[in-house]
Amino acid sequence: MDTHPTAALIRLAPRHRRAPASSLSVLLLVTSIVAAELPQPPEPQAAQQVPLITPEPVAARTDWLSFHADTLHTEFGVLTERRAAADGQFYLRAQPRIEARLGSAWSLRLQPLLESWHELGLDDAQRTRLDSAESYLRYRNTRREITLGAQFLRWGRVDHEPPLEIGSRMDLIRLPLDDWHRQRRSVLALNWREWGSQLNYEALLIPIFRPSRLPDRDSIWYPINQRNGRFLGIRPSTGLSLVGRLGTIDDSYPRGRFGGAGLRVGQETGRLEWHLAVQNLRRAQPYFEIDRELQPLLPDQISLIDVLRARTRRPTFQVRHPMTWAVGGDLGWSGQRSSWRMEANWSEKLPVTSSGFRMITPSALDWAVAWERFFGTLDARISLQLRGRDIFADRPVLDRYQRVALLGDAQINLARGRWSLRLRFLEGLLPTTQVLNPEIARITEHFGSWYLGYHRFAGSSATPGEFYADNDLIVAGWRWQP
């Protein structure tokens, strides 16, 4: 959530009507609950401790070909605030996986991703999309691994927004709701890894850039709210709000642009692990630049005529993904039940908006320190992460980026793993913001898990907690995942 776009769009008079709840979501949820409570086979007398993760998914396998149902997820949510622009939302995700062995060293993976989301009460905020998760051809032996195709970038070490992964493509459609690893989207790349006796080497090439996925422009999660002219990460002002309500947005990006390359070297043996990385990548997170002819008129000299005239020439807000050089590294060590991870990355050309409403690209330092511990006797774990950003700009900026923030993820399993209590949170310290995601889940051995959760947002002006404050949400759903 450190990247804050500087503009937003919505229709002049968006239609708002109440839509009925999806019968499919209700049917799936009821079926999963009933299935979860069916009588289970008797457990052995010496039952093993149930791990925190759910069991492996069902797989159909032959000698060379296997099929896995990696992820099935459906969720229905109701917004609790009267000021919310939508009544509720429905989400469906299916992610199968097919793997083939093409010899002793060659393998093939095909992993389509089907997603559908609907925001009830908003006419246009709905979409069904077929995408690709990880689909690649891989060669691997004892000293080398070469992967070509759609794959996840895993150069970061911490759990949430790793500083090293500036080129990691994300799905921002459910940004405040999902775990970081569920937000990842595949990148078309060539990845070459070499394991030496002392050091490991990894080279990355992204020949074709694909940006992170933005929500629908009418969505309550879009970073520009054209209903009130507000922008995620920018303090409101009269002139800027006028531009936000009446302006046009172009969030598309030209296809075929070069994505960049990177090189990493490190050591991954023993309790102490480290890496150093040099990257020249295009930033995957989108940033919006204001029309340059409107910038001198902001914030107080702009008029309705200026905005309408500018709409006829070009989009009021244009998405940008600048290329950037970055140098960073990570360090991690672990004991029997706990681990520490540190990560830092210096990069140039971070897009921000100056006090004159111009997009500038200063350098920045992103850092993170994380601690995680497992409690075997309690069947519990806790993870804490302190992260921050320092921007080296030669002039004041309007962006309210998170200088220091504390993130946490705590989970405990009860009743020999049948029930799970989990709390995820973001507590921004500079500036102050708060995102809480508590959840209770019923876990079964053969039918996945069904859960009830809550998402709460609060904070100071222009922070994620304040920007999404009207979107507090109660959710119920069912998921099957490894």
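The following questions and answers walk through a predicted model of a protein.

Student: How many helices and strands does the protein have?
Tutor: Before turning to single residues, it helps to take stock of the whole chain, in which buried residues make up 51% of the 482 residues. As for the elements into which the chain is arranged, the protein has 28 strands and, beside them, five helices.

Student: What share of the contacts in the protein with a separation of 6 or more comes from residues 24 or more positions apart?
Tutor: Contacts here are pairs with heavy atoms within 4.5 Å. Among the contacts with a separation of 6 or more, the part that joins residues 24 or more positions apart is 65%.

Student: How much of the area that the protein exposes is supplied by carbon and sulfur atoms?
Tutor: The area that the protein exposes comes to about 22,700 Å². Of this area, carbon and sulfur atoms supply 59%.

Student: Which strands are the edge strands of the open sheet with the order β13-β17-β16?
Tutor: This open sheet has three strands and mixed pairing. An edge strand of this sheet pairs on one side only, and that description fits residues 249-250 and residues 287-290, which are β13 and β16.

Student: In which sense do β16 and β17 pair, parallel or antiparallel?
Tutor: In general, strands of a sheet pair through backbone hydrogen bonds, and they may do so in either sense. Here β16 meets β17, residues 317-320, over four bridges, and Tyr287 stands opposite Arg320 in β17. The sense in which β16 and β17 pair is antiparallel.

Student: Why do the buried residues of helix α4 lie on the same side of α4?
Tutor: Helix α4 spans residues 304-311, and its buried residues are Asp306, Val307 and Ala310. They lie on the same side of α4 because, around the axis, they cover an arc of only 95°.

Student: Which helix is included in what covers the buried residues of α4?
Tutor: One residue to look at is Leu304, which lies in helix α4 and counts as partly exposed, at 44% relative accessibility. Leaving aside neighbours within four places in sequence, Leu304 is in contact with Leu242 and Leu246, and the C-alpha atoms of Leu304 and Val243 are separated by 8.4 Å although these residues are 61 residues apart along the chain. As for the buried residues of α4, what covers them includes residues 238-246, the helix α3.

Student: Which element gives the largest share of the largest nonpolar core?
Tutor: This core has 27 residues, of which Leu240, Phe288, Leu298, Ile302 and Phe317 touch the most other members. The elements that give two or more residues to this core are α3, β16, α4 and β17. The largest share is four residues, and the element that gives it is α3.

Student: How many residues are in the second, separate core?
Tutor: This second core is separate, and among its members are Ile220, Trp221, Tyr451 and Tyr468. Its size is 21 residues.

Student: How far apart in sequence are the parts that the salt bridge of Arg424 and Asp179 ties together?
Tutor: Side chains of opposite charge can pair when their charged atoms come close. In this pair, the closest N and O atoms of Arg424 and Asp179 are 3.1 Å apart. Arg424 lies in strand β25, whereas Asp179 lies in the loop between β8 and α2, so the parts tied together are apart in sequence by 245 residues.

Student: Is Arg424 buried or exposed?
Tutor: The cut-off for a buried residue is a relative accessible area under 20%. The partner Asp179 meets it at 7%, and Arg424, with a relative accessible area of 15%, is likewise buried.

Student: Which strands hold Arg341 and Glu372?
Tutor: The side chains of Arg341 and Glu372 meet in a salt bridge, at 3.5 Å from N to O. Arg341 is buried, with a relative accessible area of 10%, and Glu372 is buried as well, with 13%. The pair ties together parts that are 31 residues apart in sequence, since the strands that hold Arg341 and Glu372 are β19 and β22.

Student: How many salt bridges does a search of the whole structure find?
Tutor: One of the salt bridges joins the side chains of Arg83 and Glu81, at 4.0 Å from N to O, where Arg83 is exposed, with a relative accessible area of 61%, and Glu81 is partly exposed, with 27%. For the whole structure, the number that the search finds is 44.

Note on methods
Residues are numbered from 1 along each chain as its sequence is written. This is a predicted model: local features need pLDDT of at least 70, side-chain atom pairs count only at pLDDT 80 or more; totals for chains, interfaces and linings use all residues. Side-chain values use heavy atoms; hydrogens and water are left out. Two strands pair if DSSP finds at least two bridges between them. Buried means under 20% relative accessible area, exposed over 50%, partly exposed in between (1.4 Å probe, protein chains only). The arc is that of the directions from the helix axis to the C-beta atoms. A nonpolar core is a set of buried Ala, Val, Leu, Ile, Met, Phe, Trp, Tyr and Cys residues joined through side-chain atoms within 4.5 Å. Accessible areas come from the Shrake-Rupley method with a 1.4 Å probe; for residues, only the protein chains shown count as cover.
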